[in-house]
Amino acid sequence: TPPRLSNGEPFPTFYYATCPRLTAAISTLETTGMMEEMTSRLETDAELAGAYAAAHDDYIAARSALKIDVPEVENISAGGMPNRVKCLHSLIAHSLSAGPGVNPLGDEALAELPEWWKHLSCE
């Protein structure tokens with residue numbers, strides 16, 4: 001999603017999971033307490049916090065590459081980055097788009113999902 005919507009509203013979320021089956025699986029995962037556990041780990045694990053901060057920077061850099069100036073969302077990413085976890089949908093979408101190793105918590109959440117794609121497509 002571009003950082004400025006067609007109605008002019010600034011919008012920081014860049015990566016989205018749009019497949020209904022994927023978003024349903026992520027929603028189920030969000031009910032498990034995973035986000036709170038991840039946020040707690042960020043407070044005590046400096047290496048994880050650093051990698052998550054780098055994911056925040058990657059997210060902003062990818063959005064900035066669109067060359068659409070939106071000062072209202074400058075240095076704002078999504079999903080709670082860089083200090084907390086508040087939306088696994090955003091983190092998983094970032095991991096799927098950027099590839100493994102970019103967003104450590106998105107990668108962890110993605111690994112916990114069932115194989116939602118095996119039996120039915122997203123159509």
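**Exercise 1. Salt bridges**

How many salt bridges does the structure hold, and which residues does the R41 network join?

*Solution.* Start with the total: the structure holds four salt bridges, a salt bridge being a side-chain nitrogen of Lys or Arg within 4 Å of a carboxyl oxygen of Asp or Glu. Before going on, a word on what you're looking at: this is a predicted model, where local features need pLDDT of at least 70, side-chain atom pairs count only at pLDDT 80 or more, and totals for chains, interfaces and linings use all residues. Residues are numbered from 1 along each chain as its sequence is written, and side-chain values use heavy atoms, with hydrogens and water left out.

Step 1: take R41 and E37, whose side chains meet at 3.4 Å, N to O. Both sit in helix α2, four residues apart, about one turn of the helix; helices here are DSSP runs (H or I, at least four residues; strands are E, at least two), numbered from the N terminus. As a rule, an α-helix has 3.6 residues a turn, so residues three or four places apart point the same way.

Step 2: R41 also meets E108, at 2.7 Å, N to O. R41 belongs to helix α2 and E108 to helix α5, so this pair ties together parts that are 67 residues apart in sequence.

Step 3: check exposure (buried is under 20% relative accessible area, exposed over 50%, partly exposed in between, with a 1.4 Å probe and protein chains only). R41 has 22%, E37 has 37% and E108 has 28%, and each of these values counts as partly exposed.

Step 4: look at K118 and E115, which form a salt bridge at 3.1 Å, N to O. K118 is exposed at 53%, whereas E115 is partly exposed at 45%. Back at R41, shared partners join E37, R41 and E108 into one network.

**Exercise 2. The nonpolar core**

Which residues have the most contacts inside the largest nonpolar core, and which helices supply it?

*Solution.* Step 1: a nonpolar core is a set of buried Ala, Val, Leu, Ile, Met, Phe, Trp, Tyr and Cys residues joined through side-chain atoms within 4.5 Å. The largest one has 26 residues, and V85, L88 and L105 have the most contacts inside it. At least two residues of this core come from each of α1 (20-30), α2 (34-44), α3, α4 and α5 (104-112).

Step 2: zoom in on V85. Leaving out residues up to four places away in sequence, V85 touches M35, M38, T39, L42, Y52, G79, L91 and L105, where contact means heavy atoms within 4.5 Å.

**Exercise 3. Helix α4 and what follows**

How many residues of α4 are buried, and which residue follows α4?

*Solution.* Step 1: eight of the eleven residues of α4 are buried, leaving the helix mostly covered. They are L88, H89, S90, L91, I92, A93, H94 and S95, and they pack against α1, α2, α3 and α5.

Step 2: next comes G99, with a positive phi near 100°. G99 is in the loop between α4 and α5 and is buried at 15%. Setting aside neighbours within four places in sequence, G99 is in contact with H94 and D107.

**Exercise 4. Unusual backbone in one loop**

Which residues other than glycine in the loop between α3 and α4 have a positive phi, and where is the cis peptide bond?

*Solution.* Step 1: recall the background. Most residues other than glycine have a negative phi, and most peptide bonds are trans.

Step 2: K67 has a positive phi of about 60°, and N75 has one near 65°. K67 lies in the loop between α3 and α4, and so does N75. K67 is exposed at 75%, and N75 is exposed at 54%.

Step 3: the cis bond joins M81 and P82, with omega about 5°. P82 is placed in the loop between α3 (46-64) and α4 (88-98).
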